[in-house]
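Welcome! Take a moment to turn the model around on your screen, and then we will walk through it together.

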Amino acid sequence: MDEKQAFERINELLEPTDYPVKITSMADIDDFLLDDDNRRFEQYAVIGRIYDNLQGRPEIDRYSDVSMPKEEEQIKQAEF
């Protein structure tokens with residue numbers, strides 16, 4: 001998945017939320033992930049993993065406090 005596809009996917013994930021910013025850059029994703037208030041979104045962990053994949057760090061799990069069962073995570077990652 002390239003950056004453009006990632007931004008589109010993240011914006012799709014955020015559509016049903018009240019997040020006010022359209023993601024158009026890596027800095028936007030970074031801002032989203034650094035704001036602890038955004039952890040309330042169930043999409044937070046998936047967006048974090050997309051970000052890590054874009055950064056070339058897919059094995060890092062910094063989102064364990066919002067993580068999902070491994071089976072569900074594998075299914076979600078297969079969707080990308």
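We will begin with the overall layout, then visit one helix, one unusual residue and the salt bridges.

Keep in mind that this is a predicted model. The protein chain has 4 helices and 0 strands, so as you follow the elements from the N terminus, they run α-α-α-α. The chain holds 80 residues, and 36% of them are buried. Its accessible surface comes to about 5200 Å², with 44% of that belonging to carbon and sulfur atoms. Among the contacts with a separation of 6 or more, 39% are made by residues 24 or more positions apart.

Now find helix H2, which spans residues 26-34. Which residues of H2 are buried? They are Met 26, Asp 28, Ile 29, Phe 32 and Leu 33. These residues lie on the same side of H2, because they cover an arc of only 160° around the axis. A general rule helps here: an α-helix has 3.6 residues a turn, so residues three or four places apart point the same way. The cover over the buried residues of H2 includes helix H1 (3-14) and helix H3 (44-54).

One name in that buried group deserves a second look: Asp 28. What is the nearest side chain of opposite charge to Asp 28? That is Lys 22, at 9.6 Å, and Asp 28 has no salt bridge although it is buried. Its side chain does have a polar atom 2.8 Å from the backbone nitrogen of Thr 24. Setting aside neighbours within four places in sequence, Asp 28 is in contact with Tyr 19, Lys 22 and Ile 23.

Where charged side chains do pair up, the whole structure shows 3 salt bridges. Arg 9 joins Glu 12, with the closest N and O atoms 3.6 Å apart. Both sit in helix H1, and because they are 3 residues apart, about one helical turn separates them. Glu 12 is partly exposed, at 46% relative accessibility.

Another salt bridge links Arg 40 with Asp 18, where the closest N and O atoms are 3.3 Å apart. Arg 40 belongs to the loop between H2 and H3 and Asp 18 to the loop between H1 and H2, so this pair ties together parts that are 22 residues apart in sequence. Arg 40 is exposed at 56%, and Asp 18 is exposed at 54%.

Finally, Arg 39 pairs with Asp 36, their closest N and O atoms being 3.5 Å apart. Here Arg 39 is partly exposed, at 28% relative accessibility, while Asp 36 counts as exposed at 54%.

Technical notes. Residues numbered from 1 in each chain as written. Predicted model: local features only at pLDDT ≥ 70, side-chain atom pairs only at ≥ 80, totals over all residues. Heavy atoms only, no water. Helix = DSSP H or I, 4+ residues; strand = E, 2+ residues; numbered from the N terminus. Buried < 20%, exposed > 50% of the residue type's maximum accessible area, 1.4 Å probe, protein only. Lys, Arg positive; Asp, Glu negative; His and termini not counted. Salt bridge = Lys/Arg side-chain N within 4 Å of Asp/Glu carboxyl O. Polar contact = N/O pair within 3.5 Å; in protein donor to acceptor, adjacent residues only side chain to side chain. Contact = heavy atoms within 4.5 Å. Areas by Shrake-Rupley, 256 points an atom, 1.4 Å probe, with all protein chains shown as cover. Arc of directions from axis to C-beta.
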